[in-house]
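Subject: Handing over the structure

Dear colleague,

Please find the structure below, with the sequence beside it. My notes on what was found in it follow, and I suggest keeping the structure open while reading them.

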Amino acid sequence: MAAPGGFGGTDFKHEDEVVLGFTKSQLLAFGVMVAFFVVAPFFLYPVFLMKVLCFALFACAFNLLIGYVGLLSFGHAAYFGMGGYLAGHAAKVWGFTPEIAILIGGAVGGLLGLVFGWIAIRRQGIYFAMITLALAQMVYFFCLQAPFTGGEDGIQAIPRGSLFGAIPLGNDMAMYWTTAGVFLIGFLLIHRIVHSPFGMVLKSIRENEPRATSLGYRTDDYKLMAFVLSATLAGVAGGTKSIVFGIATLTDVFWTMSGEVVLMSLVGGLGTIFGPVVGAAVIITMQNYLAEFGAWVTVIQGAIFVLCVLAFRRGIVGEIGNWLRVRL
Amino acid sequence: MDEIFGIPAPLLFGQLLLGLINGAFYALLSLGLAVIFGMLNVINFTHGAQFMLGAFVAWALLSFLGLGYWWALLLAPLIVGAFGVLLERTMISRLYKLDHLYGLLLTFGVGLIVEGLVRNEFGSSGLPYRIPAELQGSWDLGFMFMPIYRGWVVVVAIVACLATWLVIEKTKIGSYLRAATENPALVQAFGINVPLMMTLTYGAGVALAAFAGVLAAPIYSVNPQMGANLIIIVFAVVVIGGMGSILGSVVTGFGLGIIEGLTKVFWPEASATVIFVVMAIVLLTRPAGLFGRA
């Protein structure tokens, strides 16, 4: 059982892991998710689905830190946004193919995560959240002034290019399958990390850091490694998003974006594998339908925050798992 | 005294004064955050929104009731403080047993609600608020002109910080507060109503933020975002100073304001990020903060 009031998902009676560290119920949920993303583009607008996929990967990356290490990073927009800017710059100015551009986005997110993580893991809990937020705000001001980001205009007209220089992505369906592929790789990577021996140490840090230290683990190294992995995947998500939409702007590095990814994970369920995906889908759908109401989106997002924290801390997937008595 | 380090003196002193003003707000806000955190173990993310509410209440008192600046200075902290008390009683108090980060998430959400509602009602563009007649004009200090209102803000902020320090360090209620910060269970066992103290502490911290908001109204335009952008800088200030000492928050607040002002003179491009850079350097050398206890 997770510590009461902590951020980890709840563990129920032990279920055998069948394939790739998935339990039976997780395998079923994974099948449902994949089936949905295979069928969905024939019924729903692919551009909308691609947005969901990008944010789902972003939220999964964020959840790796809070759900499995217990670190609340309130500045994940920095890695997402910078990944987006650099991927956009690489595709547009340097003329790289999209997969290289996305990898550059991930590398930039990871490097930034290495520096910021190194600074931030010196403090814990609330301080860690405040430090990551402040560092991300520094990145925002940097992007506001740096010449290559285009300031208020952002980087526009980023070409989608051709995957591996062979498959043109101008077609929405081709772009969709690419995005879905990126998401799936990221998702499985996070799943693999969480279920590796490394991931077990992360969870022990979440549960009781002093004890993990006394068992001989250099907890700071583990936390930093997790931070870098999370930031890298956030950068990949940001990079993919700017390739899909052909634009990278200040919105993606602003603190509101950091808040949104927290909200997505919270709504879906912190510390669950599928929660961030569901949360991203819910929040993006809501934003889509409420776009015309302007500031009401902010009000409703705030209200969801309050509601989740006060009455709904397990999130959607966490509640379903609790109801079915399985870990999802 | 026309030039100092090759910089025209009026420019240098002007930016120093501006730095002092910003420092005054950093000090007032980080003080409120520190007092709330000490007692409730909650980082009040709504602090920025409450600062903004203070300014808006001042504006509304003037526009709808014709009550001017001096009334606002008294009433706005009371009104916003009462909102804080309500918030603590109905929501924040439910989270004390959970991970402290839930308090941060909750107050962040409340901040979004408040900011969104205000933006719906008044739009994003700023509302003007005039400097009260008694404080208009400026003094000629010989080397620069000093707008009276700005001097007033700095002085009032220092007085408010000193008053808070006196209340906490020198009065009986302050000693209860310090004791309850150290060990709430024991203080409760002595028959002191700790939950009530927590509520009032939160209310007082919020009132301090609203007070700062009223002070800020005539300087900055009164707009929904005025608090959100400020509060992130204040978080950095809190990390630099450490939340252990009241005097520490005040000194750090003013000090960083001045550093920011000087950066505007010598390297304008870096002025928006200098406080965050200072934060990073402090974390690398003294992780507990300048005045913090590890």
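Is C54(A) buried or exposed, judging by its relative accessible area? In this model, which is predicted, C54(A) is buried, since its relative accessible area is 2%. C308(A) is counted as buried as well, at 2% relative accessibility.

The cysteines lead to a further point, namely the disulfides, of which the count over all chains is zero. A disulfide needs two cysteine sulfur atoms within 2.5 Å, and the sulfur of C54(A) has its closest cysteine sulfur, that of C60(A), 12 Å away, which is too far for a bond. C308(A) is likewise in no disulfide, as the nearest cysteine sulfur, again in C60(A), lies at 17 Å.

Next comes the interface between the two chains, where chain A brings 40 residues into the contact and chain B brings 46 residues. Together, chain A and chain B bury about 4,000 Å², and 81% of this area is on carbon and sulfur atoms. On the side of chain A, I126(A), M130(A) and W255(A) supply 15% of the area buried against chain B, which is more than any other three residues give.

Among the elements that give two or more residues to this side of chain A are α4 (98-120) and α10 (255-268), while the largest share, 13 residues, comes from α5(A). By type, the residues on this side divide into 28 nonpolar, nine polar and three charged. Across the interface there are zero salt bridges, but three residue pairs are in polar contact.

With best wishes

Definitions and conventions
Residues numbered from 1 in each chain as written. Chains lettered and ligands numbered in written order. Predicted model: local features only at pLDDT ≥ 70, side-chain atom pairs only at ≥ 80, totals over all residues. Heavy atoms only, no water. Buried < 20%, exposed > 50% of the residue type's maximum accessible area, 1.4 Å probe, protein only. Contact = heavy atoms within 4.5 Å. Buried area = accessible area lost by both parts, 1.4 Å probe. Salt bridge = Lys/Arg side-chain N within 4 Å of Asp/Glu carboxyl O. Polar contact = N/O pair within 3.5 Å; in protein donor to acceptor, adjacent residues only side chain to side chain. Helix = DSSP H or I, 4+ residues; strand = E, 2+ residues; numbered from the N terminus. Nonpolar A, V, L, I, M, F, W, Y, C, P; charged D, E, K, R; others polar.
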